[in-house]
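Student: I'm new to this one and I'd like to understand the reasons behind the labels. Can we go through it together?

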Amino acid sequence: MAILEKIENPEDIKTLSPAELTHLAAEIRQKIVEVVSRNGGHVAPSLGVVELTIALHYVFNSPRDKIIWDVGHQAYAHKLLTGRRDQFHTLRQYGGLSGFTKRSESPHDPFTTGHSSTSISAALGIASAKRIKSDPAKVIAVIGDGSMTAGLAYEALNQAGDMHKDLIVILNDNEMSIAPNVGALSSLLSRTFSAVRIQSMRKNFGEFLKKLPGIGDDVYQMAKRSEESFKTFVTPGMLFEAFDFDYFGPIDGHNMGHLIDILENIQNIKEPVLLHVNTIKGKGYAPAEKNPVYFHGCGQFEIESGTCLPKKAAPPSYTQVFARTLVTLAEKDDRIVAVTAAMPAGTGLSEFAGRFPGRFFDVGIAEPHGVTFAAGMATEGFKPVVAIYSTFLQRAYDQILHDVCIDALPVIFAVDRGGIVGEDGPTHHGLFDLSYLRCLPNMVIMSPKDENELRRMMVTALAHNGPVAIRYPRGASEGVEIDREIQPIEIGQSEILAQGDDLLILAIGRGVIEAMAARRRLRDEGIRATVVNSRYIKPLDTRTFVALAEKIPRIVTVEENVRIGGFGSAVLEGFADAGFSGFEMRRVGIDDTFVTHGPQEKLRNEYHVDKDAVIQAAHDLIQ
Ligand SMILES: Cc1ncc(C[n+]2csc(CCOP(=O)(O)OP(=O)(O)O)c2C)c(N)n1
């Protein structure tokens with residue numbers, strides 16, 4: 001690490017020779033692999049942009065010039081070069097560096113990221129603000145080809161081209177999203193398109209010209225001679241030029257000298273520029289180059305072999321249970337179709353895709369489109385199951401409301417990663433869905449206490465003729481026995497799990513696990529609690545809750561969601577609407593704050609949504 005050790009800030013790399021820059025790239029790769037093998041993280045995206053990162057910091061002057069990394073998951077080299085080398089070993093750990101770019105972490109991170117496709121909008125906003133302030137600094141957005149599948153990116157390009165702002169967009173094209181990239185744009189960008197499809201288009205167009213009566217052959221000969229060959233006629237550049245960007249590329253994103261030359265040239269252009277860079281995801285670490293999907297974002301692994309370190313034996317994850325159950329149900333019901341937004345593996349839908357390719361749709365990183373697409377299918381009698389992580393579903397809010405709920409279309413939302421997700425931190429926790437879904441008319445919202453109940457809820461949802469959200473957590477399920485026959489659950493019906501006269505605990509989803517654990521400890525202290533698994537947040541089983549609370553007016557609600565607008569709020573509203581009063585209540589849930597990154601269990605404890613929090617609430621009420 002002879003060179004990296006000397007880089008305290010980006011200024012230090014400007015004096016390095018070309019050979020030293022190449023050496024620095026190797027040292028950075030080694031460091032990234034070393035740390036991510038221990039901490040887990042986005043190794044392949046970061047390895048793919050090492051030369052690009054060095055070249056950007058060599059040519060531009062961060063933090064005066066602003067470099068915005070889309071998603072921010074590929075910014076590890078950027079972190080190493082911008083004063084964070086000594087903390088890099090804490091990456092994604094509690095109290096350590098974030099796995100994404102974060103304004104509060106460094107002046108070199110001008111924008112906080114985690115969700116995709118925001119970089120061009122943010123960069124354009126920053127560039128516009130700088131022009132008002134007469135600040136000549138450059139603004140650069142680096143966005144991947146996967147992130148270019150989102151409509152948001154085009155809204156930004158559309159405005160940027162029109163405003164003729166001094167803005168540089170670098171398209172980091174590795175032909176991969178998390179999975180292989182999808183969509184028409186992806187084939188436009190890909191080398192396959194330039195080589196194979198252009199040749200066949202050229203042939204077809206040539207034949208067409210030759211057939212034009214009278215003039216065809218002449219026009220064909222002219223076209224053939226024309227400087228504007230067919231290859232340059234149809235290029236990815238056309239798309240961006242249509243947005244009034246000056247297009248450069250595609251260039252080799254691992255040729256540092258070439259990158260530096262071209263960046264030095266384009267920095268003087270005062271118009272929107274798009275530089276198209278081809279990179280290899282996982283570059284320089286053979287296992288990641290070979291398996292970029294796994295190494296997109298991975299857990300701990302052994303460096304030598306690239307094999308992931310065995311996790312503790314655990315029951316299947318909720319995601320796996322959802323995925324297998326969906327395949328089983330889809331075998332019997334061909335109206336079931338599945339939709340993912342660029343996360344076939346993460347949501348477990350790969351299995352469905354393999355089994356029913358014609359009924360599986362990967363829409364790209366386009367959650368809003370995915371939801372409206374599903375709504376369209378529902379109008380034709382299908383039963384779309386839209387599997388999207390809670391945090392990314394936030395993007396599709398208007399589509400859920402306007403395109404699904406107003407007409408009560410039977411779209412099922414498999415809301416994965418509901419609750420605290422862990423090391424990805426505040427941009428990724430699914431802590432708002434109960435609140436943001438609960439206020440939508442026609443929506444039914446369920447959350448299972450275990451994997452058996454998840455299966456029952458899926459059957460219930462498929463039988464229901466209207467929108468349903470099933471919210472389940474990240475990670476291993478509870479390891480309970482699975483019923484052979486999957487029975488539905490009456491909509492709106494809760495379940496009493498334990499009886500006791502001292503305290504009433506109403507819980508939802510994972511909260512039920514914490515409630516039951518707390519109940520055992522409280523019983524040892526002589527406090528006897530009734531525990532209710534609410535199962536539904538909407539419709540809420542208010543009648544049962546009121547009947548119980550009349551006898552036991554000391555109530556604790558438990559949820560892994562923000563308290564504002566969540567399950568506890570729903571219970572309070574239900575009580576108020578029923579005219580029920582004279583009770584005392586404590587709501588266990590997330591405060592009005594964003595939760596940092598770290599291990600799930602640690603965060604549950606720190607943010608008071610675990611059994612200790614339930615016990616404390618019980619003590620509050622009873623002592
Ligand atoms: C709105 C949103 N949906 C989904 C994701 C999950 N996600 C993180 S990175 C990624 C793929 C990004 O692909 P690309 O932009 O090409 O970057 P690469 O990792 O290939 O460098 C996805 C789908 C996200 N971060 N944000």
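Tutor: Sure, and let's start with a cut-off: a residue is buried if 20 or more other C-beta atoms lie within 10 Å of its own, exposed if 12 or fewer, and partly exposed in between. Keep in mind that this is a predicted model.

Student: Why is L506 called buried?

Tutor: L506 has 30 C-beta neighbours inside 10 Å, and the label needs 20 or more, so L506 counts as buried. L506 lies in strand β13. Leaving out residues up to four places away in sequence, L506 touches V532, S534, F545, I555, T557 and V571. E495 is 11 residues from L506 in sequence, and their C-alpha atoms are 9.9 Å apart.

Student: What makes strand β13 largely enclosed by the rest of the structure?

Tutor: Strand β13 covers residues 503–507, and 5 of the 5 are buried, so the rest of the structure largely encloses it.

Student: How do you know that both faces of β13 are covered?

Tutor: Look at each side in turn: L503, I505 and A507 are buried on one, and L504 and L506 are buried on the other. As a rule, side chains in a regular strand alternate between the two faces of the sheet.

Student: What makes β13 and β14 a pair?

Tutor: Pairing takes at least two bridges between the strands. β13 and β14 (residues 529–533) have 5 bridges, in the parallel sense. Within that pairing, I505 sits opposite V531 of β14.

Student: Which residues touch the most other members of the largest nonpolar core?

Tutor: I505 is one of them, and the others are I120, A123, I140, V386, I470 and V614; the core has 166 residues. For I120, the contacts beyond four places in sequence are A141, I143, A153, A156, L157, A160 and V169. In soluble globular proteins, nonpolar side chains tend to be buried together.

Student: Why is A463 called exposed?

Tutor: The limit for that label is 12 or fewer. A463 has 12 C-beta neighbours inside 10 Å, so A463 counts as exposed. A463 is placed in helix α20, which covers residues 451–463. From A463 to G151 there are 312 residues along the chain, and 33 Å between the C-alpha atoms.

Student: And why is H608 called partly exposed?

Tutor: H608 has 15 other C-beta atoms within 10 Å. That value is neither 20 or more nor 12 or fewer, so H608 is partly exposed. Its place is the loop between α24 (600–606) and α25 (611–622). H608 also has a positive phi, near 60°, and is a residue other than glycine.

Student: What is phi for R417, and is R417 buried or exposed?

Tutor: R417 isn't a glycine, and its phi is positive at about 60°. R417 has 28 C-beta neighbours inside 10 Å, so R417 counts as buried. You'll find R417 in the loop between β9 (412–416) and α19 (433–438).

Student: Why is Y472 called buried?

Tutor: Y472 has 29 C-beta neighbours inside 10 Å, and that's why Y472 counts as buried. Y472 lies in the loop between β11 (468–471) and β12 (495–498). Apart from residues up to four places away in sequence, Y472 touches Y318, F322, D416, G418, S447, P448 and L454.

Student: Where are there cis peptide bonds?

Tutor: One is from G249 to P250, with omega near -5°. P250 is in strand β4, residues 246–252. Another joins K538 and P539, with omega about -5°. P539 is in the loop between β15 (536–538) and α22 (542–551).

Student: Which domains does the assignment give?

Tutor: Domain 1 (4–178 + 236–296), domain 2 (318–471) and domain 3 (495–622). The centres of domain 1 and domain 3, taken over C-alpha atoms, are 45 Å apart.

Student: How do you know that domain 1 and domain 3 are in contact?

Tutor: 5 residues of domain 1 are in contact with 4 residues of domain 3. On the domain 1 side, these are 1 nonpolar, 3 polar and 1 charged.

Student: Which residues are closest to the ligand?

Tutor: P45, S116, G144, G146 and S147 are the closest, out of 25 that surround the ligand. By class, that shell has 9 nonpolar, 12 polar and 4 charged residues. Domain 1 and domain 2 each supply at least three residues of the shell.

Note on methods. Residues are numbered from 1 along each chain as its sequence is written. This is a predicted model: local features need pLDDT of at least 70, side-chain atom pairs count only at pLDDT 80 or more; totals for chains, interfaces and linings use all residues. A residue is near a molecule or strand if its C-beta atom, placed from the backbone, lies within 6 Å of it. Ala, Val, Leu, Ile, Met, Phe, Trp, Tyr, Cys and Pro count as nonpolar, Asp, Glu, Lys and Arg as charged, and the others, Gly among them, as polar. Domain bounds come from an automatic or database domain assignment. A nonpolar core is a set of buried Ala, Val, Leu, Ile, Met, Phe, Trp, Tyr and Cys residues joined through C-beta atoms within 7 Å. Two residues are in contact if their C-beta atoms, placed from the backbone, lie within 7 Å. Helices (H or I, at least four residues) and strands (E, at least two) are DSSP runs, numbered from the N terminus.
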